[in-house]
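Student: Got a minute to walk me through this model?
Tutor: Sure, pull it up and we'll go piece by piece.
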Amino acid sequence: MKHRIVVLGAGYAGAIAAGRLAKRLHRDDIDITLVNADPDFVERIRLHQVATGQEVPVRPLRKLFAGTGVQVRIARVESVDADRKTVTLDGEQGSETLAYDTLVYALGSTIADYGVPGVAEYAHHVASKQAALRLRERLAELGVGETVLIVGGGLTSIEAATEIAEARPDLKVAMAARGGVGDWLDEKAQAHLHAAFERFGITVHEHADVTRVTADGVVTAAGAEIPARMTVWTAGFAVHEIAAASTLTVSAAGRIVVDATLRSVSHPDVYALGDAAHAAGVGGKTLRMGCATASPMAWLGADAIAARLTGRAVPDTPIGYNSQCISLGRRDAIVQKVTEEDQPTSKVDVGRKAARIKELICKGAAWSVRNPTLMVPSRRRRVVANAAAQPAVMAN
(Lines give C-alpha, C1' and ligand atoms only; values in the text may rest on other atoms or scores of the structure.)
Protein backbone atom coordinates (compact mmCIF):
# COMPACT_ATOMS: atom_id res chain seq x y z
CA MET A 1 0.00 0.00 0.00
CA LYS A 2 1.07 3.56 -0.65
CA HIS A 3 1.82 5.80 2.31
CA ARG A 4 -1.13 8.20 2.70
CA ILE A 5 -0.21 11.80 3.52
CA VAL A 6 -3.12 14.13 4.23
CA VAL A 7 -2.47 17.87 4.45
CA LEU A 8 -5.20 19.95 6.12
CA GLY A 9 -5.21 23.55 4.96
CA ALA A 10 -3.78 25.14 1.81
CA GLY A 11 -2.50 28.42 3.16
CA TYR A 12 1.20 29.22 2.90
CA ALA A 13 2.24 26.40 5.24
CA GLY A 14 -0.02 23.63 3.93
CA ALA A 15 0.31 24.42 0.22
CA ILE A 16 4.10 24.71 0.33
CA ALA A 17 4.42 21.52 2.39
CA ALA A 18 2.22 19.52 0.02
CA GLY A 19 4.19 20.63 -3.04
CA ARG A 20 7.53 20.03 -1.34
CA LEU A 21 6.54 16.53 -0.27
CA ALA A 22 5.49 15.77 -3.83
CA LYS A 23 8.99 16.79 -4.96
CA ARG A 24 10.76 14.91 -2.19
CA LEU A 25 9.02 11.54 -2.46
CA HIS A 26 8.42 9.08 -5.29
CA ARG A 27 4.85 8.92 -6.57
CA ASP A 28 4.87 5.13 -6.62
CA ASP A 29 5.20 5.14 -2.84
CA ILE A 30 2.84 7.90 -1.64
CA ASP A 31 -0.58 9.46 -2.02
CA ILE A 32 -0.77 13.14 -1.05
CA THR A 33 -4.19 14.68 -0.45
CA LEU A 34 -4.51 18.43 0.17
CA VAL A 35 -7.76 19.48 1.84
CA ASN A 36 -8.96 23.09 1.78
CA ALA A 37 -12.33 24.79 2.20
CA ASP A 38 -11.67 27.41 -0.50
CA PRO A 39 -10.99 26.29 -4.08
CA ASP A 40 -8.36 29.02 -4.50
CA PHE A 41 -5.04 29.72 -2.81
CA VAL A 42 -5.66 32.79 -0.66
CA GLU A 43 -2.83 35.29 -0.24
CA ARG A 44 -3.71 36.25 3.30
CA ILE A 45 -1.05 38.95 3.43
CA ARG A 46 -2.95 40.77 0.66
CA LEU A 47 -6.43 40.61 2.18
CA HIS A 48 -6.27 44.24 3.30
CA GLN A 49 -5.84 45.04 -0.41
CA VAL A 50 -8.85 42.91 -1.29
CA ALA A 51 -10.88 44.76 1.34
CA THR A 52 -10.17 48.11 -0.33
CA GLY A 53 -11.31 46.93 -3.76
CA GLN A 54 -7.99 45.98 -5.31
CA GLU A 55 -7.78 42.99 -7.59
CA VAL A 56 -5.26 40.30 -6.65
CA PRO A 57 -4.36 37.20 -8.69
CA VAL A 58 -6.75 34.26 -8.47
CA ARG A 59 -4.91 30.95 -8.16
CA PRO A 60 -7.17 27.86 -8.26
CA LEU A 61 -5.60 25.10 -6.17
CA ARG A 62 -6.35 22.37 -8.68
CA LYS A 63 -4.55 24.38 -11.35
CA LEU A 64 -1.60 25.08 -9.04
CA PHE A 65 -1.13 21.39 -8.27
CA ALA A 66 -1.98 19.97 -11.70
CA GLY A 67 0.62 17.39 -12.69
CA THR A 68 2.27 17.26 -9.28
CA GLY A 69 0.54 14.15 -8.01
CA VAL A 70 -1.13 16.11 -5.20
CA GLN A 71 -4.87 15.43 -5.03
CA VAL A 72 -6.85 18.54 -4.06
CA ARG A 73 -10.05 18.05 -2.09
CA ILE A 74 -12.34 21.04 -1.60
CA ALA A 75 -13.89 20.41 1.80
CA ARG A 76 -14.19 21.81 5.29
CA VAL A 77 -12.50 19.88 8.09
CA GLU A 78 -15.02 18.94 10.77
CA SER A 79 -12.86 16.91 13.14
CA VAL A 80 -9.62 14.97 13.59
CA ASP A 81 -9.41 11.58 15.29
CA ALA A 82 -5.69 11.35 16.01
CA ASP A 83 -6.01 7.93 17.67
CA ARG A 84 -7.83 6.28 14.76
CA LYS A 85 -5.86 8.36 12.24
CA THR A 86 -8.86 9.76 10.41
CA VAL A 87 -10.32 13.16 9.60
CA THR A 88 -13.98 13.98 8.98
CA LEU A 89 -14.73 16.29 6.06
CA ASP A 90 -17.76 18.14 4.75
CA GLY A 91 -17.24 18.92 1.10
CA GLU A 92 -18.25 18.40 -2.50
CA GLN A 93 -19.24 14.80 -1.79
CA GLY A 94 -20.99 15.55 1.50
CA SER A 95 -19.74 14.19 4.81
CA GLU A 96 -16.93 11.65 4.58
CA THR A 97 -14.05 10.17 6.54
CA LEU A 98 -10.51 10.24 5.23
CA ALA A 99 -7.79 7.97 6.63
CA TYR A 100 -4.11 8.89 6.79
CA ASP A 101 -0.72 7.46 7.67
CA THR A 102 0.85 10.89 8.15
CA LEU A 103 -1.19 14.01 8.87
CA VAL A 104 0.00 17.56 8.25
CA TYR A 105 -2.20 19.93 10.24
CA ALA A 106 -2.00 23.45 8.79
CA LEU A 107 -5.46 24.93 9.30
CA GLY A 108 -4.16 28.39 10.15
CA SER A 109 -6.00 30.88 12.31
CA THR A 110 -8.85 33.34 12.52
CA ILE A 111 -9.48 36.45 14.61
CA ALA A 112 -9.29 36.36 18.39
CA ASP A 113 -12.18 38.28 19.94
CA TYR A 114 -11.03 37.64 23.55
CA GLY A 115 -14.68 37.35 24.57
CA VAL A 116 -15.33 41.04 23.90
CA PRO A 117 -19.08 41.58 23.49
CA GLY A 118 -20.23 42.85 20.12
CA VAL A 119 -17.28 41.70 18.00
CA ALA A 120 -19.23 38.99 16.20
CA GLU A 121 -22.31 41.18 15.77
CA TYR A 122 -20.79 44.49 14.72
CA ALA A 123 -17.14 44.17 13.69
CA HIS A 124 -15.55 43.23 10.38
CA HIS A 125 -12.12 41.65 9.92
CA VAL A 126 -9.59 40.62 7.25
CA ALA A 127 -8.60 37.15 8.46
CA SER A 128 -10.28 35.33 5.56
CA LYS A 129 -11.16 36.01 1.94
CA GLN A 130 -14.88 35.98 2.67
CA ALA A 131 -14.43 38.46 5.53
CA ALA A 132 -12.32 40.76 3.35
CA LEU A 133 -14.98 40.70 0.63
CA ARG A 134 -17.68 41.57 3.17
CA LEU A 135 -15.57 44.45 4.42
CA ARG A 136 -15.08 45.55 0.82
CA GLU A 137 -18.85 45.74 0.31
CA ARG A 138 -19.38 47.65 3.55
CA LEU A 139 -16.62 50.15 2.78
CA ALA A 140 -18.25 50.88 -0.58
CA GLU A 141 -21.44 51.83 1.26
CA LEU A 142 -19.79 54.42 3.51
CA GLY A 143 -20.28 58.08 2.72
CA VAL A 144 -17.90 61.02 2.79
CA GLY A 145 -16.63 61.88 6.26
CA GLU A 146 -17.77 58.68 7.98
CA THR A 147 -15.37 56.99 10.40
CA VAL A 148 -13.72 53.58 10.13
CA LEU A 149 -12.16 52.39 13.40
CA ILE A 150 -9.41 49.75 13.39
CA VAL A 151 -9.13 47.93 16.73
CA GLY A 152 -5.60 46.67 17.33
CA GLY A 153 -2.06 47.95 17.09
CA GLY A 154 -0.11 45.16 15.37
CA LEU A 155 1.07 44.62 11.81
CA THR A 156 -2.36 43.71 10.44
CA SER A 157 -3.93 46.73 12.14
CA ILE A 158 -1.37 49.14 10.70
CA GLU A 159 -1.65 47.72 7.20
CA ALA A 160 -5.45 47.74 7.25
CA ALA A 161 -5.63 51.31 8.55
CA THR A 162 -3.17 52.77 6.05
CA GLU A 163 -4.60 50.80 3.13
CA ILE A 164 -8.12 52.04 3.84
CA ALA A 165 -6.92 55.61 4.41
CA GLU A 166 -5.05 55.63 1.09
CA ALA A 167 -7.86 54.01 -0.89
CA ARG A 168 -10.60 56.15 0.68
CA PRO A 169 -9.18 59.59 1.58
CA ASP A 170 -12.77 60.82 1.92
CA LEU A 171 -13.21 58.70 5.07
CA LYS A 172 -11.96 59.31 8.59
CA VAL A 173 -9.74 56.46 9.76
CA ALA A 174 -8.88 55.85 13.41
CA MET A 175 -7.07 53.17 15.43
CA ALA A 176 -7.64 51.99 19.00
CA ALA A 177 -4.86 49.90 20.54
CA ARG A 178 -4.51 48.31 23.98
CA GLY A 179 -0.87 49.43 24.12
CA GLY A 180 1.31 51.53 21.86
CA VAL A 181 1.19 51.30 18.07
CA GLY A 182 4.50 50.27 16.55
CA ASP A 183 6.35 50.83 19.82
CA TRP A 184 8.33 47.60 19.30
CA LEU A 185 10.07 49.12 16.25
CA ASP A 186 13.39 50.96 16.07
CA GLU A 187 13.20 54.74 16.59
CA LYS A 188 13.62 55.47 12.88
CA ALA A 189 10.80 53.09 12.00
CA GLN A 190 8.54 54.52 14.70
CA ALA A 191 9.11 58.06 13.45
CA HIS A 192 8.32 57.04 9.87
CA LEU A 193 5.20 55.18 10.97
CA HIS A 194 3.75 58.10 12.89
CA ALA A 195 4.62 60.46 10.03
CA ALA A 196 2.60 58.18 7.76
CA PHE A 197 -0.34 58.27 10.18
CA GLU A 198 -0.19 62.06 10.13
CA ARG A 199 0.02 62.16 6.33
CA PHE A 200 -3.02 59.90 6.01
CA GLY A 201 -4.90 61.76 8.74
CA ILE A 202 -5.24 58.63 10.87
CA THR A 203 -6.23 59.28 14.47
CA VAL A 204 -4.45 56.92 16.88
CA HIS A 205 -5.90 56.08 20.32
CA GLU A 206 -3.13 54.33 22.24
CA HIS A 207 -3.63 52.54 25.57
CA ALA A 208 -7.32 52.22 24.75
CA ASP A 209 -8.42 48.74 25.84
CA VAL A 210 -11.64 48.04 23.95
CA THR A 211 -14.12 46.12 26.11
CA ARG A 212 -17.26 46.35 23.95
CA VAL A 213 -18.15 46.89 20.31
CA THR A 214 -21.46 48.52 19.42
CA ALA A 215 -23.25 49.49 16.23
CA ASP A 216 -21.90 53.02 16.72
CA GLY A 217 -18.31 52.37 17.77
CA VAL A 218 -16.51 50.94 20.79
CA VAL A 219 -16.28 51.40 24.55
CA THR A 220 -12.92 51.22 26.37
CA ALA A 221 -12.04 49.89 29.81
CA ALA A 222 -11.79 53.49 31.00
CA GLY A 223 -15.41 54.07 29.97
CA ALA A 224 -14.55 56.22 26.97
CA GLU A 225 -16.64 55.90 23.82
CA ILE A 226 -14.95 56.05 20.42
CA PRO A 227 -17.57 56.59 17.73
CA ALA A 228 -17.33 54.86 14.37
CA ARG A 229 -19.63 54.09 11.47
CA MET A 230 -17.75 50.81 11.00
CA THR A 231 -15.36 48.84 13.20
CA VAL A 232 -12.63 46.51 11.89
CA TRP A 233 -11.31 44.03 14.48
CA THR A 234 -7.61 43.20 14.07
CA ALA A 235 -6.64 42.68 17.71
CA GLY A 236 -5.05 39.25 17.38
CA PHE A 237 -5.27 35.69 16.06
CA ALA A 238 -6.76 32.48 17.43
CA VAL A 239 -6.55 28.96 16.06
CA HIS A 240 -9.52 26.82 15.14
CA GLU A 241 -10.86 24.54 17.88
CA ILE A 242 -10.45 21.29 15.94
CA ALA A 243 -7.07 20.34 17.40
CA ALA A 244 -8.11 21.14 20.99
CA ALA A 245 -11.21 18.96 20.55
CA SER A 246 -9.01 15.97 19.67
CA THR A 247 -6.57 13.95 21.79
CA LEU A 248 -3.60 15.89 20.43
CA THR A 249 -1.55 17.74 23.03
CA VAL A 250 -2.16 21.46 22.58
CA SER A 251 -1.02 24.66 24.26
CA ALA A 252 -3.30 26.87 26.35
CA ALA A 253 -4.10 28.73 23.13
CA GLY A 254 -5.10 25.51 21.33
CA ARG A 255 -2.00 25.23 19.13
CA ILE A 256 -0.55 21.74 18.61
CA VAL A 257 2.61 21.30 20.68
CA VAL A 258 5.42 20.02 18.45
CA ASP A 259 9.09 19.08 18.77
CA ALA A 260 12.06 20.54 16.89
CA THR A 261 10.97 18.73 13.70
CA LEU A 262 7.38 20.04 13.97
CA ARG A 263 6.04 16.61 14.91
CA SER A 264 3.31 16.36 17.55
CA VAL A 265 4.71 15.48 20.97
CA SER A 266 1.74 13.18 21.60
CA HIS A 267 1.09 11.64 18.16
CA PRO A 268 4.24 10.97 16.08
CA ASP A 269 2.25 10.57 12.85
CA VAL A 270 0.95 14.16 13.07
CA TYR A 271 2.90 17.27 12.11
CA ALA A 272 1.65 20.82 12.69
CA LEU A 273 2.74 23.81 10.62
CA GLY A 274 2.07 27.53 10.54
CA ASP A 275 -0.26 29.30 12.95
CA ALA A 276 -1.63 25.95 14.21
CA ALA A 277 1.73 24.89 15.66
CA HIS A 278 3.18 25.73 19.06
CA ALA A 279 6.85 25.56 18.07
CA ALA A 280 10.04 26.99 19.48
CA GLY A 281 12.30 29.13 17.31
CA VAL A 282 15.85 30.37 17.81
CA GLY A 283 16.37 31.16 21.48
CA GLY A 284 13.47 28.93 22.56
CA LYS A 285 10.76 31.57 22.11
CA THR A 286 7.46 30.34 20.64
CA LEU A 287 7.21 31.29 16.98
CA ARG A 288 4.60 33.95 16.35
CA MET A 289 1.78 33.46 13.89
CA GLY A 290 2.27 34.81 10.39
CA CYS A 291 3.48 34.18 6.86
CA ALA A 292 7.07 34.88 7.93
CA THR A 293 7.10 31.68 9.99
CA ALA A 294 4.64 29.61 7.93
CA SER A 295 6.93 29.19 4.92
CA PRO A 296 10.08 28.01 6.74
CA MET A 297 7.93 25.75 8.93
CA ALA A 298 6.55 24.18 5.74
CA TRP A 299 10.08 23.53 4.46
CA LEU A 300 11.25 22.07 7.75
CA GLY A 301 8.14 19.94 8.35
CA ALA A 302 8.02 18.52 4.82
CA ASP A 303 11.72 17.73 4.87
CA ALA A 304 11.41 16.02 8.27
CA ILE A 305 8.56 13.83 7.01
CA ALA A 306 10.45 12.95 3.83
CA ALA A 307 13.63 12.17 5.77
CA ARG A 308 11.88 9.80 8.15
CA LEU A 309 10.09 8.00 5.35
CA THR A 310 13.26 7.56 3.30
CA GLY A 311 15.58 6.69 6.18
CA ARG A 312 17.71 9.82 6.08
CA ALA A 313 18.91 12.30 8.68
CA VAL A 314 16.05 14.37 10.03
CA PRO A 315 16.58 18.17 9.98
CA ASP A 316 15.84 20.01 13.21
CA THR A 317 17.51 23.41 12.83
CA PRO A 318 15.40 26.01 14.70
CA ILE A 319 13.69 28.73 12.70
CA GLY A 320 14.92 32.29 13.14
CA TYR A 321 13.57 35.66 12.04
CA ASN A 322 14.99 38.12 9.52
CA SER A 323 12.74 41.17 9.28
CA GLN A 324 9.32 42.66 9.87
CA CYS A 325 7.76 44.20 6.77
CA ILE A 326 4.84 46.63 7.11
CA SER A 327 2.92 48.07 4.16
CA LEU A 328 1.75 51.66 4.52
CA GLY A 329 -0.50 51.76 1.50
CA ARG A 330 0.85 50.91 -1.95
CA ARG A 331 3.77 53.36 -2.16
CA ASP A 332 5.19 53.35 1.35
CA ALA A 333 6.40 50.72 3.82
CA ILE A 334 8.76 49.88 6.64
CA VAL A 335 11.22 46.99 6.53
CA GLN A 336 12.57 46.52 10.05
CA LYS A 337 15.53 44.16 10.26
CA VAL A 338 15.41 41.95 13.35
CA THR A 339 17.66 39.42 15.04
CA GLU A 340 16.99 35.69 14.75
CA GLU A 341 15.20 36.03 18.11
CA ASP A 342 12.88 38.70 16.57
CA GLN A 343 14.42 41.71 18.31
CA PRO A 344 14.57 44.96 16.28
CA THR A 345 17.93 46.28 15.08
CA SER A 346 18.91 49.76 13.94
CA LYS A 347 18.81 48.70 10.28
CA VAL A 348 15.59 50.01 8.77
CA ASP A 349 14.39 50.74 5.21
CA VAL A 350 11.45 53.06 4.70
CA GLY A 351 9.48 54.74 1.92
CA ARG A 352 9.32 53.60 -1.69
CA LYS A 353 12.39 51.40 -1.38
CA ALA A 354 10.78 49.52 1.49
CA ALA A 355 7.51 49.29 -0.48
CA ARG A 356 9.36 47.60 -3.34
CA ILE A 357 11.02 45.19 -0.91
CA LYS A 358 7.67 44.36 0.71
CA GLU A 359 6.07 43.75 -2.69
CA LEU A 360 8.90 41.42 -3.68
CA ILE A 361 8.42 39.51 -0.42
CA CYS A 362 4.68 39.18 -1.05
CA LYS A 363 5.30 37.95 -4.59
CA GLY A 364 7.99 35.61 -3.29
CA ALA A 365 5.57 34.05 -0.80
CA ALA A 366 3.12 33.30 -3.61
CA TRP A 367 5.96 32.09 -5.83
CA SER A 368 7.06 29.61 -3.16
CA VAL A 369 3.62 27.98 -3.26
CA ARG A 370 4.00 27.35 -6.98
CA ASN A 371 7.68 26.46 -6.65
CA PRO A 372 8.19 24.74 -3.28
CA THR A 373 11.52 23.25 -4.29
CA LEU A 374 14.05 25.52 -2.62
CA MET A 375 17.10 23.35 -1.85
CA VAL A 376 15.21 20.20 -2.92
CA PRO A 377 17.16 17.63 -4.99
CA SER A 378 15.69 16.92 -8.41
CA ARG A 379 15.55 13.16 -7.81
CA ARG A 380 12.61 11.94 -5.73
CA ARG A 381 13.51 9.57 -2.90
CA ARG A 382 11.93 6.15 -2.42
CA VAL A 383 10.14 5.31 0.82
CA VAL A 384 12.04 2.63 2.73
CA ALA A 385 10.56 -0.77 3.48
CA ASN A 386 7.90 -0.80 6.21
CA ALA A 387 7.90 2.99 6.54
CA ALA A 388 4.56 3.27 4.77
CA ALA A 389 2.97 0.88 7.18
CA GLN A 390 4.76 1.99 10.34
CA PRO A 391 6.19 5.52 9.93
CA ALA A 392 6.93 5.86 13.65
CA VAL A 393 9.49 3.05 13.40
CA MET A 394 11.73 5.34 11.35
CA ALA A 395 11.60 8.19 13.88
CA ASN A 396 14.86 9.42 15.33
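Tutor: We'll go through some strands, then a pocket and a cavity, and keep in mind that this is a predicted model.

Student: OK, strand 2 first. Is strand 2 largely enclosed or open, and why?
Tutor: Strand 2 covers residues 30-36, and six of its seven residues are buried, so the rest of the structure largely encloses it.

Student: How does strand 1 pair with strand 2?
Tutor: In the parallel sense, over six bridges; strand 1 is residues 3-8. One position to click on is Val 6, which stands opposite Thr 33 in strand 2.

Student: And what does the chain cross through from strand 1 to strand 2?
Tutor: Through helix 1, residues 12-24, and this β-α-β crossover is right-handed.

Student: What about strand 5, how does that one pair with strand 2?
Tutor: Strand 5, residues 70-81, pairs with strand 2 in the parallel sense, with five bridges. Look at Ile 32: its bridge partner in strand 5 is Val 70.

Student: Switching topic. What is the order of the open sheet of three strands?
Tutor: The order is 14-15-16, and the pairing there is antiparallel.

Student: Which are its edge strands?
Tutor: Strand 14 (210-214) and strand 16 (225-227), each of which pairs on one side only. From one strand to the next, the twist averages 20 degrees.

Student: How many bridges between strand 14 and strand 15?
Tutor: Four, in the antiparallel sense, with strand 15 being residues 217-220. Val 210 stands opposite Thr 220 of strand 15.

Student: Now pockets. How much space lies in the second largest pocket?
Tutor: About 220 Å³. It has 16 lining residues, and the closest to its centre are Val 50, Val 56, Pro 57, Val 58 and Lys 129.

Student: Which element gives the largest share of that pocket's lining?
Tutor: Helix 5, with three residues. Strand 3 (40-41), helix 2 (47-51) and helix 5 (129-141) are the elements that give two or more residues to that lining.

Student: How does the lining of the second largest pocket split by class?
Tutor: Eight nonpolar, seven charged and one polar.

Student: Last thing, how many cavities of 30 Å³ or more?
Tutor: The count comes to two. The second largest cavity has a volume of about 40 Å³.

Student: Which residues line the second largest cavity?
Tutor: Among them are Tyr 105, Val 239, His 240, Arg 255 and Ile 256. By class, that lining has five nonpolar, three polar and one charged residue.

Key:
Residues are numbered from 1 along each chain as its sequence is written. This is a predicted model: local features need pLDDT of at least 70, side-chain atom pairs count only at pLDDT 80 or more; totals for chains, interfaces and linings use all residues. Side-chain values use heavy atoms; hydrogens and water are left out. Buried means under 20% relative accessible area, exposed over 50%, partly exposed in between (1.4 Å probe, protein chains only). Two strands pair if DSSP finds at least two bridges between them. A crossover is right-handed if, with the strands pointing away from the viewer, the path from the first strand over the helix to the second runs clockwise. On a 1 Å grid over the protein atoms alone, a cavity is a set of points where a 1.4 Å probe fits but cannot get out, and a pocket is an open set with protein on both sides within 12 Å along at least five of seven lines; lining residues have an atom within 4 Å of a point. Grid points are joined across faces, edges and corners, and a volume is the space filled by probe spheres set on the points. Ala, Val, Leu, Ile, Met, Phe, Trp, Tyr, Cys and Pro count as nonpolar, Asp, Glu, Lys and Arg as charged, and the others, Gly among them, as polar. Axes are lines fitted to C-alpha atoms, for helices over the stretch in contact, and angles run from 0 to 180 degrees between N-to-C directions.
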